[in-house]
Amino acid sequence: MQNYREVGGLYEGRVANWLSAHGYQILERNFRCRLGEIDLIAQKEGMVVFVEVKYRSGSACGAPEEAVDYRKQVRISNAASYYLYKHFYPQETSCRFDVAAVSRDGIRLIENAFFYCGNFMT
């Protein structure tokens, strides 16, 4: 039996490959800082895309994207702010927050799944 981190890594890899096949450049996987974690950071057409990967083997616990609640959105937003700051992106950099919902049916990318809701101050 695999642990959650191994399973998560497996699906994050699948989503990274899927994104690459759809024109995204993967910038970073599993970005971590004290403010939070971001599964995948990609770029497409000049936009930085922060992707949260959620997997569900069935529908008993709801759709995968339902697991990205407000608290999770705040942590992702704060980590994204720090990532942009740390990598010297200009303040006007275009970015969005997507959720990759992975199920037995495949991968469904929900673009603009939520808007910035952090409180990180640079």
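The following paragraphs describe the fold, the sheet, the second helix and the aromatic and polar contacts of a predicted model.

A good place to start is the overall layout. The protein chain contains two helices and five strands. Read from the N terminus, these elements follow the order α-β-β-β-α-β-β. The chain has 122 residues, of which 39% count as buried. Among the contacts with a separation of 6 or more, 56% are made by residues 24 or more positions apart.

The strands come next. All five belong to an open sheet with the order β1-β2-β3-β4-β5, and its pairing is mixed. At its edges lie β1 (25–33) and β5 (106–114), each of which pairs on one side only. On average, and with direction ignored, neighbouring strands of the sheet are turned by 30° against each other. As general background, the strands of a sheet pair through backbone hydrogen bonds, in either a parallel or an antiparallel manner.

Two hairpins can be followed along the early part of the sheet. In one of them, β1 and β2 are connected with two residues between them. These two strands run antiparallel and are joined by seven bridges. Within this pairing, Phe31 stands opposite Ile38 in β2, while Cys33 has Gly36 of β2 as its bridge partner. The other hairpin is formed by β2 and β3, again with two residues between the strands, and Glu45 in the turn has a positive phi of about 50°. Here β2 (residues 36–44) and β3 (residues 47–55) pair in the antiparallel sense, over five bridges. Leu40 faces Val51 in β3 across this pairing, and Ile41 stands opposite Phe50 in β3. Phe50 will return below as a member of an aromatic pair.

Helix α2 offers a simple check on geometry. It covers residues 70–86, and at 1.5 Å a residue its 17 residues should span 24 Å; the end C-alpha atoms are 24 Å apart, so the expected and computed spans agree. Which residues of α2 are buried? They are Gln73, Val74, Ile76, Ser77, Asn78, Ala79, Ala80, Ser81, Tyr83 and Leu84. An α-helix has 3.6 residues a turn, so residues three or four places apart point the same way. The buried residues of α2 pack against β1, β2, β3, β4 (95–103) and β5. Just after the helix, Phe88 adopts a positive phi of about 60°.

The aromatic side chains tie several of these elements together. Seven aromatic pairs are found in a search of the whole structure. In one of them, the ring centres of Phe50 and Tyr83 are 6.1 Å apart and the planes meet at 85°; because this angle is over 60 degrees, the pair is edge-to-face. This pair links distant parts of the chain, with Phe50 in strand β3 and Tyr83 in helix α2, 33 residues apart. Both partners are buried: Phe50 has a relative accessible area of 1%, and Tyr83 has a relative accessibility of 3%. Tyr83 also pairs with Tyr89, with ring centres 6.1 Å apart and planes at 35°, so this pair is tilted. Unlike the buried Tyr83, Tyr89 is partly exposed, with a relative accessible area of 26%. One aromatic cluster takes in Phe31, Phe50, Tyr83, Tyr89, Phe97 and Phe114. Phe31 is the residue already met opposite Ile38 in the pairing with β2.

A charged residue deserves its own look. Where does Arg96 lie? Arg96 is located in strand β4. With a relative accessibility of 12%, Arg96 counts as buried, because the limit for that class is under 20%. What does its side chain contact? The side chain of Arg96 makes a polar contact of 2.7 Å with the side chain of Tyr24, and another polar contact, of 3.5 Å, joins the side chains of Arg96 and Glu111. Leaving aside residues up to four places away in sequence, Arg96 touches Tyr24, Met47, Val48, Val49, Phe50, Glu111 and Asn112. Phe50 thus appears among the neighbours of Arg96, in the edge-to-face pair with Tyr83 and opposite Ile41 in the sheet.

Definitions and conventions. Residues numbered from 1 in each chain as written. Predicted model: local features only at pLDDT ≥ 70, side-chain atom pairs only at ≥ 80, totals over all residues. Heavy atoms only, no water. Pairing = 2+ DSSP bridges. Helix = DSSP H or I, 4+ residues; strand = E, 2+ residues; numbered from the N terminus. Axes fitted to C-alpha atoms, helices over the stretch in contact; angles between N-to-C directions. Expected span 1.5 Å × (residues − 1). Buried < 20%, exposed > 50% of the residue type's maximum accessible area, 1.4 Å probe, protein only. Contact = heavy atoms within 4.5 Å. Phe/Tyr/Trp six-rings, centres within 6.5 Å; stacked < 30°, edge-to-face > 60°. Polar contact = N/O pair within 3.5 Å; in protein donor to acceptor, adjacent residues only side chain to side chain.
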